[in-house]
2 protein chains.
Amino acid sequence: MNVEFINPFLESLNNVLSTMASLELTPGKPRLKKDEKAQGDVSGLIGMVGPQTKGSLSITFDAALALEVMQRMLGERPNEINEEVTDMVGEITNMVTGGAKLILGEKGYDFDMATPVVVSGTGHTISHKSDGAKLIMPFTSDFGNAHIEVCFDK
Amino acid sequence: MNVEFINPFLESLNNVLSTMASLELTPGKPRLKKDEKAQGDVSGLIGMVGPQTKGSLSITFDAALALEVMQRMLGERPNEINEEVTDMVGEITNMVTGGAKLILGEKGYDFDMATPVVVSGTGHTISHKSDGAKLIMPFTSDFGNAHIEVCFDK
């Protein structure tokens, strides 16, 4: 996986959250994911298909962080991960991937996006089953952690 | 969502499991999913992108059924959902979607597949965030339940 693929996703998540929720996450060091399994409570996933490559992206949030983003974006704070929260996580996933797609398109890497899917379940883990390297980008905040995982098969 | 889209996925799952694991699942009645949330322990997800439509598919298994399929396909039975099991669920997801893609391609519905992603976590739920109808196909067996969900945005 080309390292040029990383930053657009990282920038795009912080753009979306700062614009929509006035929230800045602190990015950690991106790393290649081997055996590591990142856990979270609610995740948005999206498939990507392009002429040169295909892959998948996930954005995973701790429940407390997802609820904080919900309150900041929509002014309401449910007690649990309900359908409004999964809708919001699906939208964020779409916006982050769409933002990265624009930046990568300018560099000559084109892909189309599938529709997002949101998983909810306390402490679930995600495994991307592409042939290529898996990249994990951790983010921390006062409200909980998030991470993006991206992988492309080339 | 066109009803012609349903049967190829249903047939494809039973083809894959009978060929690879000598296991027949009993299909229940496919239905439109509204508020219903199907739960499971390990799920394979894949994005689909075509010129006419895009969407997502998930196949969710109870842990006991996934471990039975593992034993029948690979002759080993781990005590829990480990990386071998998630690899197998990713492969099944690829094969089922690939089988349906062939059948649908003959009918003039073309799509490309992203790479699969596998979620593990006891009792997680999946929400497909496409604009179109969501279809859920339940399957039962002596070992546990499975279900396929498919949705396309048109």
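This section describes the contact between chain A and chain B in a predicted model.

The two chains contribute to the contact in equal number, with 29 residues from chain A and 29 residues from chain B. About 2400 Å² is buried between chain A and chain B, and carbon and sulfur atoms account for 56% of this area. On the side of chain A, Thr115(A), Val117(A) and Lys129(A) together provide 27% of the area buried against chain B, more than any other three residues.

Polar interactions across the contact were also counted. Between chain A and chain B there are two salt bridges and ten residue pairs in polar contact, both partners having a pLDDT of 80 or more. One of the salt bridges joins Lys129(A) to Asp87(B), with 2.6 Å between the closest N and O atoms. Lys129(A) is thereby named twice in this description, as a partner in a salt bridge and as one of the three residues that supply 27% of the area buried by chain A.

The side of chain A that touches chain B receives two or more residues from each of strand S3 (39-49), strand S4 (54-61), helix H3 (83-106), strand S5 (112-113) and strand S6 (117-128) of chain A. Among these elements, S6(A) gives the largest share, ten residues. By residue class, the side of chain A that touches chain B comprises ten nonpolar, 13 polar and six charged residues.

Strand S6 also pairs across the contact. S6(A) and strand S6 (residues 117-128) of chain B run in the antiparallel sense and are joined over eight bridges. Within this pairing, Val119(A) lies opposite Ile126(B) in S6(B).

The arrangement of the two copies was then examined. A turn of 180° with a shift of 0.0 Å along the axis lays chain A on chain B with an RMSD of 0.0 Å. The two copies are therefore related as by a two-fold rotation axis. Gly47(A) is the residue of chain A that comes closest to the rotation axis, its C-alpha being at 2.2 Å. Because 100% of the interface residues of chain A are also interface residues in chain B, the copies meet through the same surface.

Conventions:
Residues are numbered from 1 along each chain as its sequence is written. Chains are lettered from A and ligands numbered from 1 in the order in which they are written. This is a predicted model: local features need pLDDT of at least 70, side-chain atom pairs count only at pLDDT 80 or more; totals for chains, interfaces and linings use all residues. Side-chain values use heavy atoms; hydrogens and water are left out. Contact means heavy atoms within 4.5 Å. Buried area is the accessible area (1.4 Å probe) that two parts lose on being put together, summed over both. A salt bridge is a side-chain nitrogen of Lys or Arg within 4 Å of a carboxyl oxygen of Asp or Glu. A polar contact is a pair of N or O atoms within 3.5 Å; within protein, one must be able to donate a hydrogen and the other to accept it, and residues adjacent in sequence count only if both atoms are side-chain atoms. Helices (H or I, at least four residues) and strands (E, at least two) are DSSP runs, numbered from the N terminus. Ala, Val, Leu, Ile, Met, Phe, Trp, Tyr, Cys and Pro count as nonpolar, Asp, Glu, Lys and Arg as charged, and the others, Gly among them, as polar. Two strands pair if DSSP finds at least two bridges between them. Copies are superposed by least squares on the C-alpha atoms of residues with pLDDT of at least 70 in both.
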